[in-house]
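Biologist: I am new to this structure. Please show me the model, and then I will ask about its parts.

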Amino acid sequence: MSHGLISLRGVRVHNLKNISVDIPRNALVVLTGVSGSGKSSLAFDTLYAEGQRRYAESLSAYARQFLNLMPKPDCEAISGLSPAIAINQKGGTHNPRSTVGTVTEIYDYLRVLYTRLGTVYSPTTDSPISFMTVPQICAQLIKTHQNKRIYILAPIALDLSLPSRDILTTVKQAGFQRVRLDSHFYELEEAFFHPFTQDSILAVVIDRCCVCAEQKERLLDSLETALQWGKGRTEIYDCATETTRAYSSSEDWPGTTLSAKDITPAFFSFNNPKGACPDCKGVGRHSSFSVSLVVDPSKSLLEGAIKPWARLGQEGTRRVFKRIAERLNISLTAPFQTLSSRVQRILLEGEPGTFSGIIPHLERQWTTTESTWLREELSRYQESIICTTCHGLRLRSEALCVKVSQKSIAEVSALPIDKLHQFLHTLFFSDQHANIAEPLLRAIKERLQFLQDVGLEYLTLDRTACTLSGGESQRIHLVSRLGTGLQGVLYILDEPSIGLHKRDNDRLIRTLQHLRDLGNTVVVVEHDEDMIRAADYIVDLGPGAGQYGGNIVCKGTLHDLQQCPESLTGAYFRDEAHTAPLLTKRRVISLEKSLRLNNISTHNLQALDVAIPIGGIIGISGVSGSGKSSLILETLVPRLQKMLNKKGDKDIEGGEYFERLTTVDQTPIGRTPRSNPIVYIGGFSLIRELFASLPMAKSRGYTAKRFSFNLKGGRCEACQGEGVRRIEMHFLPPVLVQCDICQGRRYNLETLSIKFRGKSIADILDMSVIEAVDFFCNFSIISSKLKTLQQVGLTYITLGQAATTLSGGEAQRIKLAKEVSRRQNGKTLYVLDEPTTGLHFEDVKKLLSILQNLADHGNTVIVIEHNLDILKNVDWIIDLGPEGGDKGGKIIAEGPPEVIARAPHSYTGQALATALFNSQRDLSQEKSLHL
């Protein structure tokens with residue numbers, strides 16, 4: 001199993017308590033333990049950081065200056081370490097230019113394939129163009145059209161400034177008798193009665209003949225004449241098949257300023273000006289301010305109808321509005337929706353001499369500001385629309401005219417992975433071209449097979465990387481690593497099973513084992529039961545989170561884990577603990593009161609009619625890519641939100657039962673270091689008020705604003721309260737480094753001198769949640785806010801931890817904590833996207849308790865989930881499938897978990913059957929459940 005060891009001694013990174021452990025090399029090693037126990041600190045901040053640092057030291061000093069290295073881990077010694085590659089949940093990118101194809105490098109191979117073997121098609125006639133000399137064209141015709149009747153045509157570039165009669169008269173004077181106009185053939189005299197239009201396509205019939213070797217001289221003469229009239233171009237019309245093929249004697253591309261020499265790999269890159277759509281610059285979409293997002297029509301101008309100005313506290317807003325009101329004779333207290341359409345247009349778009357316009361003003365702010373915070377705020381009011389020039393294909397139109405097997409590179413990129421794999425197997429090239437195609441196709445097929453092996457056959461190459469889930473992103477990066485065939489490398493992965501259905505777990509495990517068998521060490525931070533069982537070696541950290549964790553509880557094989565009495569993880573594998581005990585009684589669910597969606601065809605959904613029961617916990621299940629997110633996040637959520645915003649939606653019924661919709665997903669709670677958990681849940685303002693009430697603060701005249709790191713006065717001005725400084729690296733991504741003035745504490749010395757119970761405001765931000773709960777135990781309002789974070793299992797994070805360092809699962813649980821702290825009215829729809837991400841078996845218990853509590857108050861909770869411990873305890877399941885991509889999008893089964901467990905064609909049902917009925921305890925409870 002192993003050949004040598006990676007030995008770690010005296011590791012003290014973050015909450016790790018001077019631990020020592022030996023990890024076998026060339027093995028699949030799983031690090032497990034409750035959330036916050038120190039797994040990531042050991043895997044990424046120790047193993048990866050040191051492996052990366054040692055590899056970097058082998059490079060020159062010049063090369064090292066361009067690398068963004070992690071800090072040296074605090075430990076006594078590490079030996080046996082290999083160069084390390086980390087693939088974590090945050091390995092994805094927010095860059096809209098990054099796609100599945102570019103990340104896996106498959107698109108790079110496709111670009112070379114299209115450059116070398118693509119056929120150019122005419123942008124006007126959509127017929128293939130061959131660049132040949134006259135003798136070559138003649139030889140080609142004799143070979144391919146032997147004894148066939150053809151027309152030799154000369155395409156004419158029309159000058160619409162001239163009358164069509166003058167153009168045809170010139171053709172007649174040259175002795176020609178026939179023309180083709182817009183795919184129809186006419187005698188020349190007849191063509192005079194068909195005037196040209198802007199879109200007309202004219203070609204002169206140079207000759208009509210039957211191809212044979214005896215007619216070679218005639219063919220050569222006719223082709224020469226056709227190329228002269230066509231300015232280097234000719235078209236051959238096959239009378240039998242009624243098809244046309246274009247030929248060119250020059251390398252100039254007809255209808256453009258391009259030539260064949262311009263067809264390079266860069267020509268097919270949407271990240272290069274040579275290939276990118278000139279309108280959207282290769283992004284495929286435009287971001288613009290949306291009136292529906294900018295304006296709250298139910299409010300007046302003074303009440304905050306213009307939401308960005310109300311939120312940003314725009315200076316002079318009231319004065320501007322008063323001046324406009326006087327000129328337009330309108331009331332500032334009247335709701336925006338009651339204003340006339342002319343007044344609304346002037347306010348939004350502007351009018352010379354009256355007002356520059358709200359939308360133009362926001363656009364100027366967006367383009368001129370250098371504030372990351374302001375751009376983040378303004379982005380809330382923008383919507384993304386598909387580029388009308390390239391229709392979202394990203395490339396310039398000429399690049400789409402190059403095809404392989406009659407498909408452009410954009411069409412190929414839009415195929416699901418499994419369909420693309422099949423398409424490539426149908427390609428056939430001649431002997432000369434086959435030598436070029438073979439290595440390219442082999443590399444592409446290998447990577448496509450890897451994608452299928454890890455359960456991503458439903459993705460397309462043009463899928464934007466920022467739309468991938470954390471698990472999908474990791475598996476995508478894993479494919480690019482597998483394609484390199486490296487050996488002797490240390491791979492570190494962070495929960496690669498995220499977003500993966502139980503059915504596909506074995507495929508992922510086999511992939512990781514293959515990576516191990518190549519001669520690599522694979523370390524996986526994981527909670528998944530199947531992954532733990534498949535591991536060669538297990539390291540269990542804990543026993544608790546944060547300051548209560550950081551120790552090695554158990555290390556060894558699965559048998560060793562099961563025999564360890566101190567291991568909470570081992571208890572679950574010994575069946576001494578049950579992650580989520582089966583409910584003794586479910587809520588009675590009725591479809592009479594439900595949300596109904598009709599004829600839904602978003603993405604791969606196949607005209608679904610869906611009824612989602614109201615009240616209780618509703619599970620949305622199915623294999624990866626089956627349509628879960630398309631149904632809930634991309635259809636139900638926006639439509640219900642539109643209805644709640646009083647804009648109506650005819651395609652949804654039952655929305656009247658709700659007053660509020662809350663989506664708790666894995667998107668960041670903020671994209672800058674200024675965003676953190678305590679600010680997000682609304683507890684920091686209370687803490688600032690507490691500090692402002694202290695005697696020393698009062699004597700100095702400090703208010704709560706003094707203790708805000710977003711405002712001048714109390715913050716460190718060197719870093720403007722961020723604690724880090726942004727260093728621009730020109731052609732490399734910017735680097736964030738700790739502020740050398742405040743040492744990352746965000747505040748100036750005067751502010752830090754104010755202390756409560758010996759702690760400054762910076763010390764409070766550095767506290768873990770569990771420490772802060774004890775610290776503020778006598779302040780019920782603050783304590784109640786903090787306890788919501790404790791309820792969702794986030795005892796280990798610090799109050800001021802930057803949002804940029806939080807995983808998707810942690811961000812989601814912080815959002816859930818904020819919702820739990822709200823007053824419940826029983827009329828809220830909660831939508832959660834895989835909330836078990838990053839949760840240990842024990843933490844799932846806490847999560848399920850919170851969900852049950854929300855439902856007990858009369859709310860409806862919709863959970864998109866694969867975790868069986870959650871699914872077996874929901875009240876109703878809608879299972880989608882049967883497969884992913886275009887093979888999914890159907891409802892396979894719906895009903896209580898017991899009904900799904902008996903569905904013959906449901907993969908979820910097969911897994912649930914084991915989870916529900918694997919012991920006599922569950923079987924005895926089955927009879928008491930409401931079916």
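Biologist: Which residue forms a salt bridge with E883?

Modeller: This is a predicted model, so local features need pLDDT of at least 70, side-chain atom pairs count only at pLDDT 80 or more, and totals for chains, interfaces and linings use all residues. Residues are numbered from 1 along each chain as its sequence is written, and side-chain values use heavy atoms, with hydrogens and water left out. A salt bridge is a side-chain nitrogen of Lys or Arg within 4 Å of a carboxyl oxygen of Asp or Glu. For E883 the closest N and O atoms are 2.5 Å apart, and the partner is R503.

Biologist: How many residues apart are E883 and R503?

Modeller: E883 sits in the loop between strand 31 (876-881) and strand 32 (890-895). R503 belongs to helix 19 (residues 502-517). Helices (H or I, at least four residues) and strands (E, at least two) are DSSP runs, numbered from the N terminus. The pair links distant parts of the chain, 380 residues apart.

Biologist: Is R503 buried, partly exposed or exposed?

Modeller: Buried means under 20% relative accessible area, exposed means over 50%, and partly exposed lies in between (1.4 Å probe, protein chains only). R503 has 23% relative accessibility. Therefore R503 counts as partly exposed.

Biologist: Which residue forms a salt bridge with R587?

Modeller: The closest N and O atoms of this pair are 2.7 Å apart. R587 lies in the loop between helix 22 (568-573) and strand 22 (594-600), while its partner is in helix 32 (residues 841-856), 269 residues apart. The partner has a relative accessible area of 57%, so this residue is exposed. It is D856.

Biologist: Why are R53 and E50 separated by about one helical turn?

Modeller: R53 forms a salt bridge with E50, with the closest N and O atoms 2.6 Å apart. Both residues are buried. They lie in helix 1 (residues 39-57), and the separation is about one turn because they are three residues apart.

Biologist: How many salt bridges does a search of the whole structure find?

Modeller: Side chains of opposite charge can pair when their charged atoms come close. The search covers the whole structure, and the total is 32.

Biologist: How far apart are the end C-alpha atoms of helix 17?

Modeller: Helix 17 (residues 431-453) has 23 residues. The expected span is 1.5 Å times one less than the number of residues. That gives 33 Å, which agrees with the distance between the end C-alpha atoms, 32 Å.

Biologist: Where does helix 17 have a kink?

Modeller: The bend at a residue is the angle between axes fitted to the seven residues ending there and the seven starting there. In helix 17 the kink is about 40°. The proline P439 follows shortly after the kink, which lies at A437.

Biologist: Is K403 buried or exposed?

Modeller: K403 is in strand 16 (residues 402-404). Leaving aside neighbours within four places in sequence, K403 is in contact (heavy atoms within 4.5 Å) with residues including Y114, Y121 and D126. Its relative accessibility is 14%, so K403 counts as buried.

Biologist: What distance separates the C-alpha atoms of R813 and Q666?

Modeller: R813 lies in helix 31 (residues 808-820). At 3% relative accessibility, R813 counts as buried. R813 and Q666 are 147 residues apart along the chain, and their C-alpha atoms are separated by 8.5 Å.
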